[in-house]
Amino acid sequence: MLLAFDVGNTNIVLGVFKEGNLIQNWRMKTDYNKSADEYGMIINQLFNYVGLNTKEVKDVIISTVVPSILYTLQHLSMKYFNRRAIVIGPGIKTGLIIKYDNPKQVGADRIVNAVAAYAKYGGPLIIVDFGTATTFCAVSENSEYLGGSIAPGIKIASDALFEKTAKLPKVELETPGHVICKNTIESMQSGLIYGHMGMVDFIVKKMKEELMQQSKTGKAPKVVATGGLATLIASGINCIDYVDKMLTLEGLRILYEKNKGHRA
């Protein structure tokens, strides 16, 4: 079995693959203070709960946007699985042509998503990832990673309203059903959710225009959404073609297959 870690600023998503198929996945809070042993115990409990055996894990792959937690997970991989984990970063074979000014600045999660989306849906593509930040990535029909945009995620915006104002409360991230709201909580939900929908709709529209201008075939790009809030946002706009919640984990599996024979 392959154990895949997708480490974000807010959550860690774990995936277990057997013979190329995702058989289990879990989401846990990213905790900078946990030790390798603490994470090891949590993983062991998760495996036991669904009847899996950690001894069957033959390899580990990690994608992280949190450098401070990487050493912990590498140590965990060596101690509990006796494997040096493959880490997504410079030198990894992706199959993409990275057109970023400095390819080392592209977040690992964005590359992993692009690899998976291109493999599953072909190009040209726009990938929207609703995480701590909301990221937009463009991939050409010729597997070129062209770049994109980064915006604050909905949770960041919600936390900022709560922390930076005297009277506004924390609210659940759900649609109130209308824009003209008659109480503070629904007013905040309206601004947060519908405002984010509007931002996504506008940025996707502009990215489509730019991709169409660059395209030699004139093929319209597909739009793929992933991340924890993808379903919520996609439900209110028409620009998203596919919601693929497991896109990043699938990308990690694909990258593992490309790199397992070239381990550093």
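How much accessible surface does the protein chain have, and what percentage of this surface belongs to carbon and sulfur atoms? In the predicted model, the accessible surface of the protein chain amounts to about 13,600 Å², and carbon and sulfur atoms contribute 50% of that area. Of the 264 residues in the chain, 46% are classed as buried.

The protein chain contains seven helices and 11 strands. Its radius of gyration is 19 Å, close to the 18 Å that the globule rule gives for 264 residues, and the chain is therefore as compact as a globular protein of that length. The C-alpha trace extends over about 55 × 50 × 30 Å along its principal axes. Among contacts in the protein chain with a separation of 6 or more, 56% are made by residues 24 or more positions apart. With respect to charge, the chain carries 30 positive and 24 negative charges, and the mean positions of these two sets lie 4 Å apart.

Five of the strands are arranged in an open sheet with mixed pairing, in the order E3-E2-E1-E4-E5. Strand E3 (21-29) and strand E5 (86-87) occupy the edges of this sheet, and because each has a single partner strand, one side of each is left without a neighbour in the sheet. Within the same order, where E2 is followed by E1, strand E1 (residues 2-7) pairs with strand E2 (residues 11-18) in the antiparallel sense, the pairing being formed over six bridges. In this part of the sheet, Phe-5 is placed opposite Leu-14 in E2.

Key:
Residues are numbered from 1 along each chain as its sequence is written. This is a predicted model: local features need pLDDT of at least 70, side-chain atom pairs count only at pLDDT 80 or more; totals for chains, interfaces and linings use all residues. Side-chain values use heavy atoms; hydrogens and water are left out. Helices (H or I, at least four residues) and strands (E, at least two) are DSSP runs, numbered from the N terminus. The radius of gyration is taken over C-alpha atoms; the globule rule is 2.2 Å times the number of residues to the power 0.38. Buried means under 20% relative accessible area, exposed over 50%, partly exposed in between (1.4 Å probe, protein chains only). Contact means heavy atoms within 4.5 Å. Accessible areas come from the Shrake-Rupley method with a 1.4 Å probe; for residues, only the protein chains shown count as cover. Lys and Arg count as positive and Asp and Glu as negative; His and the chain ends are not counted. The place of a charge is taken as NZ of Lys, CZ of Arg, CG of Asp or CD of Glu. Two strands pair if DSSP finds at least two bridges between them.
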